[in-house]
Every structure is written in structure tokens, then in C-alpha cells.
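Please find below a note on the model, set out as numbered points. The remarks follow the structure from a single loop outward to the sheet, the core and the cysteines.

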Amino acid sequence: MARRLADFEGVWVFERRIVHADGQEARVTGRAVWSREGAALACEEAGEMRLPGAVPLRVTRRYRWEAGLRVHFEDGRFFHAVPPEGGETGHWCDPDQYDGSYDFSRWPEFTVTWRVRGPRKDYRMATTYRRQEA
């Protein structure tokens, strides 16, 4: 089933795993809230990042999701389009390539995976979102 913008509205919990090519790994757990902002949705993520041997870090990120599942960074720059039925997407952020994939097959749980490559970046990041239970 094709996803629509309204499908994402609400509170979600997420788990993110980031694995660098050198084997270093980070994990992030937190909440993502998609809330109405005019005809769009503001997506605000807040969580805690854990790296081996380090003090946990507080992390936040904000995006704007618009009609057609077009995702923009907080500063208004276009990021990528979410495939409504899941599948591949991408973003070139000079000099880095972000190749993404959305999997909605277990809706209302979904996974977003990014493979990032560039002169100083080489990692895979997988995030699973689940609706927060009341």
C-alpha cells in the first residue's frame, strides 16, 4: 500500500545503528514526532547516541515533510523524495553520495537504510521506526 503524508503524523520511537567501514559502531535510540505545520509535517527527532567507551550524547534533527513525501532539511534545502510504496532514493551532498531505501512491508513499523560514501565518509545507517504505544 502506498504511504501518504498523513500516515506519518504522530509519535514514533526509533532505533538507529550506524556502522562505519572500519567497524566502528554507534547506536541511537529516541523519539520522532511528525506534527502538522500547515500543509506539511515537521519531523523532530531527539535521542541518545552511544559509542563504545564514550559518554552518551544527546542528538536532535529536524526535517520538513511535504506533499509527495518530499523531505527537506530544516534550512529548506531539498533532501530526498520518499518512495510511497517503499524502495530506493538518493541524495548527492557534494562530495558525498547518500543512497537510501525505505521498507514499509511491516507497517506501521518501517525501516530507512542509508549507505553513505565520500572522501571522508563510509558508513551504513539503518533506522527502524515504530508507532509509540499509548
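1. Leu-69 is found in the loop between β4 and β5; strands here are DSSP runs of E with at least two residues, and they are numbered from the N terminus. The phi angle of Leu-69 is positive, about 55°, although the residue is not a glycine. Leu-69 is buried, its relative accessible area being 3%. Buried denotes under 20% relative accessible area, exposed over 50%, and partly exposed the range in between, with a 1.4 Å probe and protein chains only.

2. The model is predicted: local features need pLDDT of at least 70 and side-chain atom pairs count only at pLDDT 80 or more, while totals for chains, interfaces and linings use all residues. Residues are numbered from 1 along each chain as its sequence is written, and side-chain values use heavy atoms, with hydrogens and water left out.

3. Ten strands make up an open sheet with antiparallel pairing, in the order β6-β5-β4-β3-β2-β1-β10-β9-β8-β7. Its edge strands, β6 (78-81) and β7 (87-93), each pair on one side only. On average, neighbouring strands of the sheet are turned by 25° against each other, direction ignored; the axes behind this angle are lines fitted to C-alpha atoms, and angles run from 0 to 180 degrees between N-to-C directions. Two strands are taken to pair if DSSP finds at least two bridges between them.

4. At one edge, strand β5 (residues 70-73) is joined to β6 by three bridges, and the two run antiparallel. Within this pair, Val-71 stands opposite His-80 in β6. At the other edge, seven bridges join β7 to β8, again antiparallel, and the bridge partner of Gly-90 is Asp-99 in β8. The strands β7 and β8 form a hairpin with two residues between them.

5. Which peptide bonds deserve a check for cis geometry, from Asp-94 to Pro-95 and from Trp-107 to Pro-108? The bond from Asp-94 to Pro-95 is cis, with omega near 15°, and Pro-95 lies in the loop between β7 and β8. The bond from Trp-107 to Pro-108 is also cis, with omega near 15°; Pro-108 is placed in the loop between β8 and β9.

6. Three polar or acidic side chains merit individual comment. Tyr-63 lies in strand β4 (residues 57-66) and counts as buried at 16% relative accessibility. Its side chain makes a polar contact of 3.2 Å with the side chain of Arg-61. A polar contact is a pair of N or O atoms within 3.5 Å; within protein, one must be able to donate a hydrogen and the other to accept it, and residues adjacent in sequence count only if both atoms are side-chain atoms. Beyond four places in sequence, Tyr-63 touches residues including Cys-43, Val-71 and Phe-79, where contact means heavy atoms within 4.5 Å. Tyr-63 and Glu-74 are eleven residues apart in sequence, yet 5.1 Å apart from C-alpha to C-alpha.

7. Asp-96 belongs to strand β8 (residues 96-103) and, at 7% relative accessibility, counts as buried. The side chains of Asp-96 and Lys-121 are joined by a polar contact of 3.4 Å. Leaving aside neighbours within four places in sequence, the contacts of Asp-96 also include His-91, Arg-117 and Pro-119. Glu-109, in strand β9 (residues 109-117), is likewise buried, at 15% relative accessibility. Among its contacts beyond four places in sequence are Asp-103 and Arg-130.

8. The largest nonpolar core has 29 residues, and those with the most contacts inside it are Phe-8, Trp-34, Trp-65, Phe-110 and Tyr-129. Such a core is a set of buried Ala, Val, Leu, Ile, Met, Phe, Trp, Tyr and Cys residues joined through side-chain atoms within 4.5 Å. The elements giving two or more residues to the core are β1 (10-20), β2 (25-37), β3 (40-50), β4, β5, β8, β9 and β10 (122-131). Trp-34 touches, among residues over four places away in sequence, Phe-8, Trp-65, Phe-110 and Tyr-129.

9. Why are there zero disulfides in the whole structure? A disulfide requires a pair of cysteine sulfur atoms within 2.5 Å, but the sulfur of Cys-43 is 18 Å from the closest cysteine sulfur, in Cys-93, which is too far for a bond. Cys-43 is buried, with a relative accessible area of 1%, whereas Cys-93 is partly exposed, at 29%.

How values were computed: Helix = DSSP H or I, 4+ residues; strand = E, 2+ residues; numbered from the N terminus.
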